[in-house]
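Subject: Structure for you to look at

Hi,

Here is the structure I promised to pass on. Have a look at it first, and then read on for what I found.

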Amino acid sequence: GSLLIFEKLCDDWVREVHRFNSQRKKRMNFVIFRSCENKKLTSLEELKELLEDTSFLETAELKSAFSHDIVSNKVGANKIARKAAKAWMAESSGRKVGSEPNVVKATIKEVPLLKEAPVEEAAPVEEAAPVEVIEVAAPVEEA
């Protein structure tokens, strides 16, 4: 099957909604409740029997696989669900994974400054004397 919805119910349990990939069952889906120890349950009643405090299950809104945002974009829903599942698995296994990039702290070592050499001033540039242009009239040839 293909993962459509991944919802965190509490710290230890999540709800996964999968759809079948076969042609015969293509409109059907199934639900799995999974604990952080990878224990799988297939019904909400089994989960209620296992947990002591089930008050959060009555108030939780569980999303259906037939809700509009899932049906209209199954590929996007799968991508979001897989990303959430990977983050939850990494979190429950102990290491923290997030969208934050790993920051590498650079060590800065002090570099001694070089002595600055004295700068020599350049000699002033002398301007060239203006050149006089003499206009000579060209001789006019008459034909």
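Strand 3 and strand 4 pair in the antiparallel sense, with 2 bridges between them. The two strands form a hairpin with 4 residues in between, and asparagine 38 in that turn has a positive phi of about 70°. Across this pairing, arginine 34 stands opposite lysine 40 in strand 4. Please keep in mind that this is a predicted model, so I come back to confidence further down.

On its other side, strand 3 pairs with strand 2, again in the antiparallel sense, and here there are 7 bridges. Two of the facing positions will come up again: valine 14 is opposite arginine 34, and arginine 15 has phenylalanine 33 as its bridge partner in strand 3. Taken together, the strands make an open sheet of 4 with the order 1-2-3-4 and antiparallel pairing. Strand 1 and strand 4 are at the edges with a single partner strand each, so one side of each has no neighbour in the sheet.

As for the chain overall, there are 4 helices and 4 strands. From the N terminus they run β-β-β-β-α-α-α-α. The protein chain has 143 residues, and 22% of them are buried. Of the contacts with a separation of 6 or more, 40% are between residues 24 or more positions apart. The accessible surface comes to about 12900 Å², with 54% of that belonging to carbon and sulfur atoms.

Now for the charged pairs, which I think you will enjoy. The count comes to 3 salt bridges.

One of them joins arginine 34 to glutamate 16, with the closest N and O atoms 2.7 Å apart. Arginine 34 belongs to strand 3 (residues 29-35) and glutamate 16 to strand 2 (residues 13-19), so this pair ties together parts that are 18 residues apart in sequence. Are these two residues buried or exposed? Both arginine 34 and glutamate 16 are buried. For glutamate 16 the relative accessible area is 6%, and because the cut-off for buried is under 20%, this residue falls well into that class.

Glutamate 16 deserves a second look. Besides the salt bridge to arginine 34, the side chain of glutamate 16 has a polar contact of 2.9 Å with the side chain of histidine 18. Both partners help to describe the setting of glutamate 16, and so does its list of contacts: leaving aside neighbours within four places in sequence, glutamate 16 touches Leu3, Ile5, Phe6, Phe30, Val31, Ile32 and Arg34.

Another salt bridge links glutamate 7 and arginine 15, where the closest N and O atoms are also 2.7 Å apart. Glutamate 7 is buried at a relative accessible area of 15%, and arginine 15 is buried too, at 9%.

Then there is the pair of lysine 8 and glutamate 91, with 3.3 Å between the closest N and O atoms. This one links distant parts of the chain: lysine 8 is in strand 1 (residues 2-8) and glutamate 91 in helix 4 (residues 74-93), 83 residues apart. How accessible are the two ends? Lysine 8 counts as partly exposed at 44% relative accessibility, and glutamate 91 is partly exposed as well, at 40%.

Finally, a word on confidence. The chain averages a pLDDT of 76, and 71% of the residues score at least 70. Among the elements, strand 4 (residues 40-41) has the highest mean pLDDT, 90, and helix 2 (residues 55-59) the lowest, 78. Over residues 96-107 the pLDDT stays under 50, and for that stretch the model has 2 contacts beyond four places in sequence.

Best wishes

Terms used
Residues are numbered from 1 along each chain as its sequence is written. This is a predicted model: local features need pLDDT of at least 70, side-chain atom pairs count only at pLDDT 80 or more; totals for chains, interfaces and linings use all residues. Side-chain values use heavy atoms; hydrogens and water are left out. A salt bridge is a side-chain nitrogen of Lys or Arg within 4 Å of a carboxyl oxygen of Asp or Glu. Buried means under 20% relative accessible area, exposed over 50%, partly exposed in between (1.4 Å probe, protein chains only). A polar contact is a pair of N or O atoms within 3.5 Å; within protein, one must be able to donate a hydrogen and the other to accept it, and residues adjacent in sequence count only if both atoms are side-chain atoms. Contact means heavy atoms within 4.5 Å. pLDDT is the predictor's confidence in each residue, from 0 to 100. Two strands pair if DSSP finds at least two bridges between them. Accessible areas come from the Shrake-Rupley method with a 1.4 Å probe; for residues, only the protein chains shown count as cover.
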